[in-house]
Each structure stands twice: as structure tokens, then as C-alpha cells.
Amino acid sequence: MTSRYRSSEAHQALNYPSPRRRTVVKAAAATAVLAGPLAATLPARAADQAPAFLHGVASGDPLPDGVLLWTRVTPVPEALPGSGVGPDTEVSWIVARDKAFTSIVAKGSMTATAASDHTVKADIRGLAPATDYWFRFSAGGTDSPAARTRTAPAADAAVTGLRFGVVSCANWEAGYFSAYRHLAARNDLDAWLHLGDYIYEYKSGEYAARGTVVRPHAPANEILTLADYRIRHAKYKTDPDLQALHVKAPVIAIWDDHEFADNAWSGGAVNHTEGAEGTWTARQAAAKQAYFEWMPVRPAIAGTTYRRLRFGKLADLSLLDLRSFRSQQASTASGSVDDPNRTITGRAQLDWLKANLSASDTRWRLVGNSVMISPFSFGSLSADLFKPLAKLLGLPQEGIAANTDQWDGYTDDRRELLGHLRSNAIGNTVFLTGDIHMAWANDVPVDAGTYPLSASAATEFVVTSVTSDNLDDIVKVPEGTVSAIAAPVIKAANRHVHWVDTDRHGYGVLDITADRTQMDYYVLSDRTSANATSSWVRSYLTRSGTQKIERTYDPV
């Protein structure tokens, strides 16, 4: 069947404005100044090839009848990411049931413009549920790489199993994205979840691998403007391992703070200086615009990342935005972690989440959650371990009983959400979390102080970072040294924590059946090596109806 998407219709649907001549002239004048950092976002072959698809292709947000397709075209060599220059270019797309494109099911075209940084998105509909498809883009006689995607099962389908890759916290300067390469090699993923910090905003050298830049990103400065955010996204999209994973399966992504700035909240960020770095309002708007241009993510409610996807009768997935609406992190100036007037979700999003959980008729209720919801106290950690842990969590080194950037800093929202689960007997809720650069397997207790005598309202699987420094990196000791000491202390002070690994980098594979949801944890041999190997280290599961974590000794 042939889609009715045509260039003008798709262009209007994405709300990409046509650039005015004055804007193009100004941007062209700026290109000479920006040529260095902009060129760093392209492979070396860009100069003699145009149009070209230098940043790969991707798909995302699978539905039973469709999926979102993405690419970025370089129409002429000077149309560098963030430059604001380059001609309008017709980009066509084609979707088929086979890699050879002999069985075409949909096709169409749209216009890539400088106003959208020459990125395009096609929201394809009319596809069959739970089906593999292949797609590619074309422009000016050049074809993009072919990519696989997959639609979600029909809403009423009796699905026997789902499998997702799970990742978080990929810092370009701290190493290579081998985690993506190993996930791409599996060939068994329905989709992959990116739980935040897809990019990092820091200037070059500020946040690397134990202080050493493994590979420089672009631009070299801290990203502040729309051009900056576009260039940084473009640099990431040149990574071959990231491109390989985007070619193999659709991504389902949410943002966290580093897509904006460290410890972002609705009115600012720790890593933002109002005035000297412009206004937070302008910076946040630039970050969001670049994100939606460069990511295969549908802008959801009020242009945020909170939205809901369904995978037959087996699972639904509520995806959260825990940056756009939150109050400032608790401190002496901004109030107590228990202040009921402070929020991490915002009122509308919390009500939306509670309604989703109440209305769900699937076996499992998954929540894509960028920061840890399980409570965490430091117990009797020694000073030499507490200080680097506090640094990793962004806490005062003199001590505080919560990581105020996580749900621990917004206890009233957490109490309301967990109380809703308990009072309405909503079971099989699993939080899927990134951010903390450690791997965790947790029960989520209603009252951590009396656990395990009190109830567990849900479970939580937390994946470690792809490359960003974790605890042993901050202390600069051999991998495993800190975890061997800190993990038993953390578990003793937090009886709902079944496992924590403070030291290693890697990813997760989430496997869901009617009977259980299981997370397999994988670690990388060396994030600073482009050829890092991957090995399975642990697996935990939660059985249907239990709201409890237990260890299992075999990966899926």
C-alpha cells in the first residue's frame, strides 16, 4: 500500500517553519566562524559527497500500526549541522517487508530544510502489528543505509514475550559506545530503551574518563545555543556503534538532565549560570528543539517526553519527563525533601501516571524512569568512600541522607505514587531507571525504615552507565575495588536493595513473559577501547504478583 504522505503534508505535520531569507543570510555569515566545530560532526568523506546521509538512520516509538522514521541529510558540503545553511532538499522514504525492498508497503517524501537542521521525521502508519520492516531514505540519487524496525503488537494481542535493550548515560569523551555494538549484535530485540543522558553538555575535558579525554566531542565549549546542541547531537550520531544499534531496532527514549544541563529543573540547572550563559528559558528551549529534531521521538504532551506505549496484553510502558516540571533540588534555600509543595513530576504528569497505572489492563506496567525511585540512605559508609559517592550523586560532602536529584529529594510525590499503587492493589509495576552510573536491583518499599516488615509496592531495575564515570573511576582505583567494600554497606543500610554494583559500565537486557520480568546485566571489558568485549554478570527477576526481586542464575 502507498502512503499518502507527501512533502508538504509531512513538512507541516512536523511544524518545521520554512527559513526566512534573512535567517539564511545571517547563518551563512556565521558559518565561517563555526566551520571547525561543525566539520567535526561529519565523517572525513563529507567534503566530496553531497547529498549524503552521514548521521545514519533511526526509528522509534513503535505503535501497532506504525513507527517514526528519522534521518539527517547533508545536501551540500557547507550544510553542516548547526550552520543554518543549505538548500531545501526533497528526501524520499520507502518501507518494505524485506531488506531487498522487493515488497514495498509504504513510500513518500518530505522536505529537509535548514530550519530543522536538515533532519526529517516520517510518522508512518498503516503497517501490520508485531512485524519486522526495512526502510531507507533517498535524496538526489543517494540512498541511506537500510535499517530494520519493528511495530508493536496489536493492543489486544496475547503476546508471549518481549525483549528490550536498556541503556543510559553515554558520555562521548569518556569512551566508546561498545554497549550499543553488543546490543546491535543480538538480533533479538523488539526495541531498546534509552533512559536519559543520550548526550552530555559539558565543555571538552570537564567530564571525561577519570579526567582523561578518550575522544574529543564537538563543539569544544559547553553547549548553550541551538547551534551548540545541534552540533553535539550530530557528533554523537557519527558514532558507528550508535548508528549500528539504530539500524537494528527502534529506540524508545526519554531525556534526563544532560540533554539540557547537569541537575536540570524547571527553572534552571546546577550547570547553568543565568545571565553569563544566557537565560535558562532560551537554553531549555534550544535543547528541546535540538532533541526533537535529532531523535526519533514523538513530541508528547506539551512538547515533553512523557507518553505511553502499549505492547499487546503483556505490557504497557509509561515514559516520564522528570526535568521539565520539577521543583529545584532541595537545599537550605529551596526547602526540605519532604515539602509537599515541591514536585519531581508536576501535578499533571503525576495524575496522568496514576491514571495510566489504574486503567492498565496489561500483565505488566513498566515505567521508564530517569532517576532512581527506590529510597537510599548512606548508612555507615566511611568518609573515604562517602566523599566520592557524594560527588557522584552531586551531594554536599559533609553528608545528607538523600540524593536530592532523585525521588529521594521529592518524597511527597513518591509517597503519593506508591500509596496509589498499594491502595488500588496495582501489582506488577516495574520501574526501569538510569542516571546513577551503577547497577541496582531493588524492591520499592512503601516504608523503607521498616522494610521488609512493610510492603513492597513495586520493583526497580537500574542500569549502569554506558561510559560515564562511576564510583571506582572517581576514586581512581581498579575496577571492583570500591564495589567490594561499598556494596555490602549499602545493602545493610537499605534492606530493599538486592544488588548494587558501583563500579562497572555496561547495559541491560529486559525480557518479559506473563510469569516474570527479568533483567540481565552485562558489563564491558574497557570503556576506553573501541573493541571492548561484553560479558554477562548478573540476572534478577520479579515474578508476577510478588512485587519482589529475586536472583536468577541464567540470562535469557
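## Cavities, cores and unusual backbone in a predicted model

The structure holds 2 cavities of 30 Å³ or more. Please keep in mind that this is a predicted model, so every value below is computed from predicted coordinates.

Let's start with the empty space. Rolling a probe the size of a water molecule over the atoms shows where such space is left. The largest cavity has a volume of about 50 Å³. Its lining is made of Ala 439, Thr 464, Trp 499, Asp 501, Arg 504, Tyr 507, Tyr 521, Tyr 522, Val 523 and Val 537. Sorted by class, that lining has 7 nonpolar, 1 polar and 2 charged residues. Two strands, S18 (497-501) and S20, each supply at least two residues of the lining. Of the elements, S20 gives the most, with 3 residues.

Now for the wider setting. The chain has 11 helices and 22 strands, and buried residues make up 61% of its 556 residues. Among contacts between residues at least 6 apart in sequence, 71% join residues at least 24 apart.

Which residues touch the most other members of the largest nonpolar core? They are Phe 177, Tyr 180, Trp 192 and Tyr 507, in a core of 42 residues. The elements that give two or more residues to this core are helices H3 (178-184), H4 (226-236), H5 (240-248) and H6 (280-294), together with strands S11 (251-253), S19 (506-512) and S20 (516-524). H6 provides the largest share, 6 residues. Apart from this core lies another one, of 34 residues, with Ile 252, Leu 319, Val 430 and Ala 439 among them.

Two names link these cores to the cavity. Tyr 507 is one of the residues that touch the most other members of the largest core, and Tyr 507 also lines the largest cavity. Ala 439 belongs to the core of 34 residues, and Ala 439 is likewise part of the cavity lining.

Tyr 180 deserves a visit of its own. Leaving aside neighbours within four places in sequence, Tyr 180 is in contact with Val 167, Ala 170, Trp 192, His 194, Asp 241, Leu 242, Leu 245 and Val 466.

Next, take a look at strand S2 (residues 66-72). How many of the 7 residues of S2 are buried? The count is 7 of 7, so S2 is mostly covered. Gly 66, Leu 68, Trp 70 and Arg 72 point one way from the strand, while Val 67, Leu 69 and Thr 71 point the other way, and all are buried.

S2 has a pairing with S1 and another with S5. Strand S1 (residues 57-63) pairs with S2 in the antiparallel sense over 5 bridges, and a hairpin joins S1 to S2 through 2 residues. Within this pairing, Gly 60 has Leu 68 as its bridge partner in S2. S2 and strand S5 (residues 119-124) also pair in the antiparallel sense, over 6 bridges, and here Trp 70 stands opposite Lys 121 in S5.

The backbone has some details to check as well. Most residues other than glycine have a negative phi, and most peptide bonds are trans. The table gathers residues and bonds that depart from this pattern.

| Site | Feature | Angle | Place |
|---|---|---|---|
| Ala 218 and Pro 219 | cis peptide bond | omega about -10° | Pro 219 in the loop between strand S10 (191-194) and H4 |
| Tyr 451 and Pro 452 | cis peptide bond | omega about 15° | Pro 452 in the loop between strand S16 (439-445) and strand S17 (456-462) |
| Asp 61 | positive phi | phi near 50° | strand S1 |
| Asp 197 | positive phi | phi about 60° | loop between S10 and H4 |

Is Asp 61 buried or exposed? With a relative accessible area of 1%, Asp 61 is buried, because buried means under 20%. Asp 197 counts as buried too, at 1% relative accessibility. The loop between S10 and H4 holds Asp 197 as well as Pro 219.

Finally, Gln 328 sits in the loop between strand S13 (315-319) and helix H7 (347-359). Its relative accessible area is 36%, so Gln 328 is partly exposed, a class that lies between under 20% and over 50%. Gln 328 and Ser 266 are 62 residues apart in sequence, and in space their C-alpha atoms are 7.3 Å apart.

Definitions and conventions:
Residues are numbered from 1 along each chain as its sequence is written. This is a predicted model: local features need pLDDT of at least 70, side-chain atom pairs count only at pLDDT 80 or more; totals for chains, interfaces and linings use all residues. Side-chain values use heavy atoms; hydrogens and water are left out. A nonpolar core is a set of buried Ala, Val, Leu, Ile, Met, Phe, Trp, Tyr and Cys residues joined through side-chain atoms within 4.5 Å. Buried means under 20% relative accessible area, exposed over 50%, partly exposed in between (1.4 Å probe, protein chains only). Helices (H or I, at least four residues) and strands (E, at least two) are DSSP runs, numbered from the N terminus. Contact means heavy atoms within 4.5 Å. On a 1 Å grid over the protein atoms alone, a cavity is a set of points where a 1.4 Å probe fits but cannot get out, and a pocket is an open set with protein on both sides within 12 Å along at least five of seven lines; lining residues have an atom within 4 Å of a point. Grid points are joined across faces, edges and corners, and a volume is the space filled by probe spheres set on the points. Ala, Val, Leu, Ile, Met, Phe, Trp, Tyr, Cys and Pro count as nonpolar, Asp, Glu, Lys and Arg as charged, and the others, Gly among them, as polar. Two strands pair if DSSP finds at least two bridges between them.
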